[in-house]
Structure formats: C-alpha cells, structure tokens
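Grab a viewer and a coffee. Here are a few exercises to work through, each with its solution spelled out.

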Amino acid sequence: MNITTKELQTKLTIMMNDFHQFLVSKDIRYFLYCGSLLGAVRHGGFIPWDDDMDIGMFRDDFNKLLETASELPKPYKLRYRSLSDTDSNFPYTFAKIEDTSTILVEKNIQHLGIRSGLYIDIFIFDGTPDNKLLRYIHNIKYTFWCGVRNLVLIDKNKKRDFLKQIPVVIAQKLFTLEKTMNKLMNLAQKYPISECKNVTVYTRKVNPPFLKINLQQGNLLGFGEYNFYGVKNNDYLLKIEYGDYMKLPPEGKRVAHHEYELTIK
C-alpha cells in the first residue's frame, strides 16, 4: 500500500520510541543524528519533507546492542554485517533496526535481492586519528575502498555508456562485495575510540571528524509527542554538518532522500 510522508513519519516515530525504550532499559547510549537531530532542533520533530530516521552511537554502545539484539521486542530486528541472519550482500558499514511487519524495497539496490523492512539507520562512531597526516592517509584508504564498493554494487546488466561500463566490469572481476565490505569495516574500526579525542562515522564516504567530548549523549529533545536524546553539544554537530542549520533550504531542495517502495503486511 502507498502511504503519505506524514503517515511514514508517524510510523517511524513510533518505531523510534519503541527502540528508545529498549536502549534505555539496556543502558545503551545513543543520540539523534543527521536530519533527525536537525529536525528535532529546528522543527521539534521531523523535517516536514524527510522520509527517514537516523541515530548515532559510539562503538562500545553498539557492541552492547549487538549482545542484546536477540532481546528486541517483535516486530523489530537488528541488521548488521556481522550478524549471521543478515544477508551476506548487505552493503552497509552501519546498522539498521527494521520493522519485520513491513516490506521495503530500495530501488538503487533492488538488483541485489535484499529484502528488508522499514528501518531506522544506526550510524556507528569510531575513532579517527588525532594526527592530521595519519587521518589523511587513513581517509585516502577508506575513500578508495568506498569507490570499489560503489562499482561492485552497480547492476552490470543495466545499459550504460561503454566507457562507463569498463570500470564496473573490471571492479566486479577483481573484487567481491564481501572482500570490499570487510576492508571497509576493518578500516572503520582500526583506531579504538577510547584512544582518540576525535570520532567520526564511516559510511559511504569519509565524514568529518568531531571532538568526542561534544558527541556524548546529551539531553532529551522534543520530537513530536515523544522525547529522544540529542548530543552534548547539538549546535557544534549541526554547524559542522549543515552550516547555518536554522535557515531553511530553497523550496526546490525540500525533497525526500530515498526512492523505495513500502508494503505494510
């Protein structure tokens, strides 16, 4: 069935409240991240045109979540590459909490045959070198493997310009998704967060470093009729990510991020 953006946001907010209650019960720290944090600060809930929910947590808290994932209440499920019941072609370094009472198809990776449900993204913060030269070298390595991953994920059977097809064919001959993802995940966890003053989240790209002290779990923020945690310094994080974050983008850029089909069982 097709649902409106407002209905989707309502369902995601209920999911987030259920997950919030679980995390609090297990003493697992988290915070709203990306557009969800921006929405809480600027709109008191969802950005009106947003269609997803994002949270962050430090690696040590995420490891606690991994240990307790089997205790998640139905219909929720954690998906992460290290979990045995997650698809081997799961193409992300981050994790997702999914509602198994729904079926969601992301059109950009539909050819991989991944079946999932409506989800909340969990971005995992790891240490990044405090030394700028070491960080630069580390980021170059991560960026290289991100590029390989992007080529490996492309549907090689889709028609495209011949010159654009060449790197796709070469990459898929030389690398598997499993090897590529293992490289990315090992790089993401190379620098223990306990030994670094700076942290970052390793996703499809290299993200900026943040001072760890500013990204501790902060106060509760109003999010519609619920309350979820922000970071210790919301202004610090939002300025790095969005600049003048209280200013609305031009109307032409007030659009949703994803292209997917959602079915509610």
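The exercises below go from the overall fold down to single side chains, and keep in mind that this is a predicted model.

**Exercise 1. Work out how the radius of gyration of the protein fits that of a compact globule with 265 residues.**

Solution.
- Start with the expectation: for 265 residues, a compact globule would come out near 18 Å.
- Now the model: the protein has 19 Å, so the two agree.
- For the extents, the C-alpha trace spans about 50 × 50 × 45 Å along the principal axes.
- Next, burial: 49% of the 265 residues count as buried.
- Last, the contacts: take those between residues at least 6 apart in sequence, and 68% of them join residues at least 24 apart.
- As for what builds the fold, there are seven helices and ten strands.

**Exercise 2. Find how many residues of α2 are buried, and what they pack against.**

Solution.
- Count first: eight of the ten residues in α2 are buried, so call this helix mostly covered, using the cut-off of under 20% relative accessible area.
- Name some: the buried set includes Cys34, Leu37, Leu38 and Arg42.
- Look at the partners: these buried residues pack against β1, β2, β5, β8, β9 and α7.
- Then step past the end of the helix: glycine 44, just after α2, has a positive phi of about 70°.

**Exercise 3. Cys34 is one of the buried residues of α2. Decide which cysteine sulfur is nearest to that of cysteine 34, and whether the pair is bonded or free.**

Solution.
- The nearest cysteine sulfur belongs to cysteine 146, 15 Å away.
- A disulfide needs the sulfur atoms within 2.5 Å, so cysteine 34 is in none.
- Cysteine 146 is in no disulfide either.
- Cysteine 146 is also buried, at 5% relative accessible area.
- The total for the structure is zero disulfides.

**Exercise 4. Trace the salt bridges made by the charged residues of α3, and say which parts of the chain they tie together.**

Solution.
- Take aspartate 60: its bridge to arginine 29 has its closest N and O atoms 3.6 Å apart.
- Aspartate 60 is in helix α3 and arginine 29 in the loop between α1 and β1, so this pair ties together parts 31 residues apart in sequence.
- Aspartate 61 goes for arginine 29 as well, with closest N and O atoms 3.1 Å apart.
- Put these together and you have a salt-bridge network of Arg29, Asp60 and Asp61.
- Check the burial: aspartate 61 is buried at 3% relative accessibility, while aspartate 60 is partly exposed at 38%.
- Arginine 59 pairs with aspartate 126, with 2.8 Å between the closest N and O atoms.
- Arginine 59 sits in α3 and aspartate 126 in strand β5, so that bridge spans 67 residues of sequence.
- Both ends of it are buried, arginine 59 at 10% and aspartate 126 at 4%.

**Exercise 5. Aspartate 50 is buried; find how far away the nearest side chain of opposite charge is.**

Solution.
- Locate aspartate 50 in the loop between α2 and β2.
- The nearest oppositely charged side chain is arginine 42, 8.6 Å away.
- A salt bridge needs the atoms within 4 Å, so aspartate 50 has none.
- Beyond its sequence neighbours within four places, aspartate 50 does have contacts: Thr5, Gln9, Gly35 and His257.

Definitions and conventions: Residues numbered from 1 in each chain as written. Predicted model: local features only at pLDDT ≥ 70, side-chain atom pairs only at ≥ 80, totals over all residues. Heavy atoms only, no water. Helix = DSSP H or I, 4+ residues; strand = E, 2+ residues; numbered from the N terminus. Buried < 20%, exposed > 50% of the residue type's maximum accessible area, 1.4 Å probe, protein only. Lys, Arg positive; Asp, Glu negative; His and termini not counted. Contact = heavy atoms within 4.5 Å. Rg over C-alpha atoms; globule rule 2.2 N^0.38 Å.
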